[in-house]
Amino acid sequence: MPRHMLSHSVPAVTDGTAAVLDIRDLTKVYGGRGSATKALAGISFSVQEGELVAIMGPSGSGKSTLLNCIATIDVPTSGTIRLAGTDIAQISRSGLADFRRTQLGFIFQDSNLLDSLTAHENIALPLTIGRVPADQILHDVEAIASSLGVSEVLDKYPYQMSGGQRQRIAAARALVTRPKLVLADEPTGALDSKNAKLLLESLEAINRARNATVLMVTHDETAASYCRRVLFIRDGKVFTELRRGTDSRRTFFEKIMQVVAVQGGVEDAR
């Protein structure tokens, strides 16, 4: 794969489907005059409804800052983030918690389950907070648990589950409310290869079955190969992107590895 094909920022592509996430000229600067660090440098891209997208890049490339800005945890210096048509900068401080609960789902590297609650109660938590009727909660929890292959642990507490089961329960909690966008931050980072495969296959299946929109930050080329598109971030901008198209996962993995090698070479030469 020639290097000249990988050295430009990629504009957002619109294919007629709804853009769940649209980011334009986003910048984030930390520090003051004389000691400023630009974590994001005018990044722009969009994610369409039903996409499963990975974001990759070396440490310090801006991936975590980008995720924090989308999650409304951090405030951009300039630029816009529109989620399901809403400019998140216009949401009041008092409305942010409700916005996160109804529009966003989160999967962290550490499952972040509540130890005092069973798996069923952990999954049901956002529905309970949203005052969903009890019979609907029961139906929704059982349905998502079945989709992720964790029905047998619904009555167990986190300490009674394997790491892979805990992470799939966390994924169920993120997906059960059918949010507009699920943000996954290194979701396989703490898993062995077997449990990582189970989680990724489950996410891929739910992405197809529910048309769930997932944006996943990962360092893992194997995890990225389960996605339909990979955005490579460097110096706070999109370095390039790959689309899987009709490629097999093996072929897509090999293409991802080629870009990672080229991107690493560019970094080393600087």
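Asn 112 is partly exposed in this predicted model, because its relative accessible area of 40% lies between the 20% limit for buried residues and the 50% limit for exposed ones. Asn 112 belongs to the loop that joins strand S6 (104-107) to helix H3 (119-129). Its backbone also deserves attention, for Asn 112 has a positive phi of about 55° although it is not a glycine. Most residues other than glycine have a negative phi.

Ala 84 also departs from that tendency: it is not a glycine, yet its phi is positive, at about 50°. The residue sits in the loop between strand S4 (78-83) and strand S5 (86-87). With a relative accessible area of 37%, Ala 84 is partly exposed. A further positive phi, near 65°, is found at Thr 72, which follows helix H1.

Helix H1 itself spans residues 63-70 and is mostly covered, six of its eight residues being buried. The buried residues are Lys 63, Thr 65, Leu 66, Leu 67, Cys 69 and Ile 70. An α-helix has 3.6 residues a turn, so residues three or four places apart point the same way. In H1, the buried set includes Lys 63, Leu 66 and Ile 70 as well as Thr 65 and Cys 69.

Helix H6 (residues 193-210) offers another buried position, Asn 195. Its relative accessibility is 15%, so it falls under the 20% limit and counts as buried. Leaving aside residues up to four places away in sequence, Asn 195 touches Gly 164 and Arg 168.

These local features belong to a protein chain with eight helices and 10 strands. The radius of gyration of the chain is 19 Å, close to the 18 Å that the globule rule gives for 270 residues, so the chain is as compact as a globular protein of that length. Along the principal axes, the C-alpha atoms fill a box of roughly 55 × 45 × 40 Å. Of the 270 residues, 48% count as buried.

The contacts and the surface complete the description. Among contacts between residues at least 6 apart in sequence, 71% join residues at least 24 apart. The chain exposes about 12,900 Å², of which carbon and sulfur atoms supply 50%. As for charge, there are 31 positive and 29 negative side chains, and the centres of these two sets lie 4 Å apart.

Technical notes. Residues are numbered from 1 along each chain as its sequence is written. This is a predicted model: local features need pLDDT of at least 70, side-chain atom pairs count only at pLDDT 80 or more; totals for chains, interfaces and linings use all residues. Side-chain values use heavy atoms; hydrogens and water are left out. Buried means under 20% relative accessible area, exposed over 50%, partly exposed in between (1.4 Å probe, protein chains only). Helices (H or I, at least four residues) and strands (E, at least two) are DSSP runs, numbered from the N terminus. The radius of gyration is taken over C-alpha atoms; the globule rule is 2.2 Å times the number of residues to the power 0.38. Contact means heavy atoms within 4.5 Å. Accessible areas come from the Shrake-Rupley method with a 1.4 Å probe; for residues, only the protein chains shown count as cover. Lys and Arg count as positive and Asp and Glu as negative; His and the chain ends are not counted. The place of a charge is taken as NZ of Lys, CZ of Arg, CG of Asp or CD of Glu.
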